[in-house]
Amino acid sequence: MHLAIISDIHGNCLALDAVLADLKAHPADEILCLGDAIQGGPQPAETVARLRALGCPVVMGNADAWLLTGEETGSEDITPERLRQLHEVRAWSLAQLSEADRAFIAGFAPTIELRLEGGRALLGFHGSPASFDDLILPHTPDEEFRRLLGPYADRLLCGGHTHVQQIRHLGTSFFFNPGSVGLAYRHDQPEEGFRADPWAEYALLTSDGARLALEFRRVPFDAAALIAVYRASGRPYAERAAAQYAPAPHPSGGIQSPSSAPESGASAV
């Protein structure tokens with residue numbers, strides 16, 4: 001069995017299409033989406049249409065829930081000005097969606113469990129099985145990691161939210177994050193001058209009897225085309241968001257490729 005795990009598309013259908021094209025060369029039996037699919041990028045309606053056509057199970061992410069309700073549930077300290085801008089982007093996103101689209105998003109599940117070969121099960125979630133706001137990073141202390149995931153260690157575990165491809169062992173099982181389809185970025189960069197990576201990230205899990213294989217993939221997409229999509233979208237603060245994908249000035253005075261430069265957060269404006 002070949003399972004493709006995608007997450008954190010954030011309304012970037014151009015990046016999602018790059019992943020789907022890659023999957024034509026590396027076919028999967030099933031696709032699982034771990035949430036934060038729609039809000040943030042310039043193509044919310046196109047992303048909903050693609051997911052509806054795929055018919056794959058989708059987890060409810062914090063950005064998905066926020067798109068529907070406008071209620072802040074995380075612990076991030078957001079300034080009133082930034083919150084105002086985020087609500088402008090949210091209102092624009094909602095205006096692009098039909099009632100059927102919104103109903104589709106409301107049907108996303110808190111967690112999704114899939115049966116694998118050999119009697120195994122895979123549990124998918126966004127932040128943790130208990131909350132889409134929980135953060136699991138490579139440097140999350142082991143005690144906190146086990147508190148969040150230890151009760152579910154009889155299954156393979158996968159979550160999104162942090163936009164970081166990673167794997168961590170948990171007893172005889174393991175947890176992994178497939179990274180972000182629509183907003184991959186480097187975490188080791190200053191907030192000012194963030195740059196997004198010009199590729200889409202996902203994971204392929206292969207279950208063959210007692211054998212398992214996990215592959216992290218990065219698929220390049222046309223950053224210039226995405227910038228053009230932002231500019232044509234009518235999305236508030238489109239230029240600021242598109243600038244994340246523009247080549248960064250190099251200290252020597254040349255141009256630094258976005259693939260080696262920084263980025264911005266999942267709900268960036």
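The paragraphs below walk through the strands, helices and salt bridges of this predicted model.

A good place to begin is the open sheet, which is built from five strands in the order 3-4-5-7-6 and has mixed pairing. Its edges are taken by strand 3 (112-115) and strand 6; each of these has a single partner strand, so one side of each is left without a neighbour in the sheet. On average, and with direction ignored, neighbouring strands of this sheet are turned by 20° against each other. At the strand 6 edge, the partner is strand 7 (residues 173-178), which runs antiparallel to strand 6 and is joined to it by six bridges. Within this pairing, Q165 has P178 in strand 7 as its bridge partner. A helix also meets this part of the model: helix 6 (residues 142-149) lies across strand 4 (121-125), strand 5, strand 6 and strand 7, and runs at about 80° to strand 6.

The loop between strand 5 (156-159) and strand 6 (165-170) contains H161. This residue is worth a look for its backbone, since the phi of H161 is near 80°, a positive value in a residue other than glycine. H161 counts as buried because its relative accessible area is 15%, below the 20% cut-off. A second histidine can be described in a similar way. H10 sits in the loop between strand 1 (2-6) and helix 1, and H10 has a positive phi of about 50° although it is not a glycine. With a relative accessibility of 4%, H10 is also classed as buried.

Another pair of strands forms a hairpin. Strand 8 (residues 199-208) and strand 9 (residues 211-220) run antiparallel and are joined by 10 bridges. S207 stands opposite L212 of strand 9. Two residues lie between the strands of this hairpin, and G209 in the turn shows a positive phi of about 65°.

From strand 9, a salt bridge leads to another part of the chain. The side chains of R217 and D22 meet with an N to O distance of 2.7 Å. R217 belongs to strand 9 and D22 to helix 1 (residues 13-25), so that distant parts of the chain, 195 residues apart, are linked by this pair. Both R217 and D22 are buried.

Helix 1 also packs against a second helix. The axes of helix 1 and helix 2 (residues 44-54) come within 9 Å of each other and cross at roughly 30°. The two helices are therefore roughly parallel, as angles under 35 degrees are counted that way. Their crossing is left-handed. On the helix 1 side, the contact is made by C13, L16, D17 and L20, while helix 2 contributes E46, T47, R50 and L54.

Helix 3 (residues 62-69) is mostly covered, with six of its eight residues buried. These buried residues are N62, A63, D64, A65, W66 and L67. They pack against helix 4 (80-96) and helix 5 (99-106). Just after helix 3 comes G70, whose phi is positive, near 70°.

Helix 4 carries a salt bridge of its own. In this pair, E88 and R84 bring their closest N and O atoms to 2.2 Å apart. How are the two residues placed along the helix? E88 and R84 are four residues apart in helix 4, and so are separated by about one helical turn. In general, an α-helix has 3.6 residues a turn, so residues three or four places apart point the same way. Neither side chain is described as buried: E88 is partly exposed, with a relative accessible area of 28%, and R84 is partly exposed as well, at 40%.

In the structure as a whole, how many salt bridges does a search find? The count is 16. Besides the pairs described above, R115 and E113 meet through their side chains at 3.3 Å, N to O. R115 counts as exposed because its relative accessibility is 53%, over the 50% cut-off. E113, at 39%, counts as partly exposed. This pair does not stand alone, as E113, R115, D154 and R155 are linked in a network of salt bridges.

How values were computed
Residues are numbered from 1 along each chain as its sequence is written. Side-chain values use heavy atoms; hydrogens and water are left out. Two strands pair if DSSP finds at least two bridges between them. Buried means under 20% relative accessible area, exposed over 50%, partly exposed in between (1.4 Å probe, protein chains only). Contact means heavy atoms within 4.5 Å. A salt bridge is a side-chain nitrogen of Lys or Arg within 4 Å of a carboxyl oxygen of Asp or Glu. Axes are lines fitted to C-alpha atoms, for helices over the stretch in contact, and angles run from 0 to 180 degrees between N-to-C directions. Angles under 35 degrees count as roughly parallel, over 145 as roughly antiparallel, 65 to 115 as roughly perpendicular and the rest as oblique. A crossing is left-handed if the near helix is turned anticlockwise from the far one by less than a right angle, and right-handed if clockwise.
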